[in-house]
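Thanks for sharing this one. Here are some notes to read alongside the coordinates.

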Amino acid sequence: MNLITSASDSTLIRAARPDDIPAIARLDAKSTAFPWCEQQFSESLASHRLYVLEIDGVVSGYLVYSLVLDEAELLNIAIAPRLRRRGHGARLLEYFIEANRGVANRLLLEVRHSNRSAIDLYNSHGFVKQGVRKGYYPTSYGREDAWMMVYEY
Ligand SMILES: CC(C)(COP(=O)(O)OP(=O)(O)OC[C@H]1O[C@@H](n2cnc3c(N)ncnc32)[C@H](O)[C@@H]1OP(=O)(O)O)[C@@H](O)C(=O)NCCC(=O)NCCS
């Protein structure tokens with residue numbers, strides 16, 4: 001389903017296409033020290049659910065999740081750095097929640113415990129911390145914990 005999320009700036013959330021992959025990978029490279037490569041996004045396009053947030057025709061964010069039985073797992077989400085703090089991340093997360101309403105019973109995700117902005121975003125949308133995976137993520141200085149978070153419909 002396509003969703004026009006704002007009438008004021010023609011923001012659109014739509015299913016990603018193969019020709020979006022380079023733009024998505026560039027965006028990811030600006031968003032994390034450990035980005036996915038184009039092939040990983042291509043594989044996600046084939047086997048997961050990959051959506052882009054387009055502003056005035058430009059890919060400005062993306063969301064990827066998997067759906068297995070009654071659980072949907074958020075695998076990645078990012079907004080272009082220069083467009084953050086304008087509500088676009090919240091729009092993508094709300095899309096994820098609404099797209100799975102009546103489909104999944106719960107939503108799962110893992111997030112670096114140092115990623116305050118993402119944790120605040122998830123908390124403010126009803127996700128709660130469910131557990132910790134010690135040393136799950138690589139960092140420039142070693143490893144850091146992942147927070148496992150869950151949203152129950
Ligand atoms: C996390 C991310 C997607 C949020 O996108 P965004 O468009 O900036 O988010 P929004 O403007 O919709 O913010 C929604 C809420 O998230 C929280 N938030 C977002 N950025 C924040 C920041 N820098 N510091 C604290 N809270 C923040 C706030 O609660 C905010 O609500 P508020 O603006 O009313 O205070 C974005 O920061 C990003 O792309 N980060 C890099 C990729 C990443 O870390 N992804 C998560 C992987 S698990």
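1. Which helix gives the largest share of the shell around the ligand? That is helix 4, with six residues. Please keep in mind throughout that this is a predicted model.

2. The rest of the ligand shell deserves a look too. The ligand is surrounded by 20 residues, and the closest are Arg84, Gly89, Ala90, Ser117 and Leu121. Strand 5, helix 3 and helix 4 (116–124) are the elements that each give two or more residues to this shell. If you are thinking about chemical character, the shell residues split into seven nonpolar, eight polar and five charged.

3. Next, helix 3 (residues 88–99). This helix has twelve residues and spans 16 Å from its first C-alpha to its last, close to the 16 Å expected at 1.5 Å a residue. Its buried residues are His88, Gly89, Leu92, Leu93 and Phe96. They line one face of the helix, because they fall within an arc of 140 degrees when seen down the helix axis. One of these buried residues, Gly89, is also listed with the closest residues to the ligand.

4. On to the strands. Strand 5 (residues 71–79) and strand 6 run parallel and are joined by four bridges. Within this pair, Leu108 of strand 6 has Glu73 opposite. To get from strand 5 to strand 6 the chain passes through helix 3, and this β-α-β crossover is right-handed.

5. Strand 6 has another partner: strand 8 (residues 142–152), paired with strand 6 in the antiparallel sense over seven bridges. Here Arg106 sits opposite Glu152 of strand 8.

6. How do the two faces of strand 6 (residues 106–112) divide into covered and uncovered? Leu107, Leu109 and Val111 make up the covered face, whereas Arg106, Leu108, Glu110 and Arg112 make up the uncovered one. Two residues from the pairing points above thus reappear on the uncovered face: Leu108 and Arg106.

7. Finally, a loop residue. Lys30 lies in the loop between helix 1 (21–29) and helix 2 (38–47). Is Lys30 buried or exposed? Lys30 counts as exposed because 11 other C-beta atoms lie within 10 Å, and the cut-off for exposed is 12 or fewer. Lys30 and Ala80 are 50 residues apart in sequence, while their C-alpha atoms are 7.5 Å apart in space.

Note on methods: Residues are numbered from 1 along each chain as its sequence is written. This is a predicted model: local features need pLDDT of at least 70, side-chain atom pairs count only at pLDDT 80 or more; totals for chains, interfaces and linings use all residues. A residue is buried if 20 or more other C-beta atoms lie within 10 Å of its own, exposed if 12 or fewer, and partly exposed in between; C-beta atoms are placed from the backbone. Two strands pair if DSSP finds at least two bridges between them. A crossover is right-handed if, with the strands pointing away from the viewer, the path from the first strand over the helix to the second runs clockwise. A residue is near a molecule or strand if its C-beta atom, placed from the backbone, lies within 6 Å of it. Ala, Val, Leu, Ile, Met, Phe, Trp, Tyr, Cys and Pro count as nonpolar, Asp, Glu, Lys and Arg as charged, and the others, Gly among them, as polar. The expected span of a helix is 1.5 Å times one less than its number of residues. The arc is that of the directions from the helix axis to the C-beta atoms.
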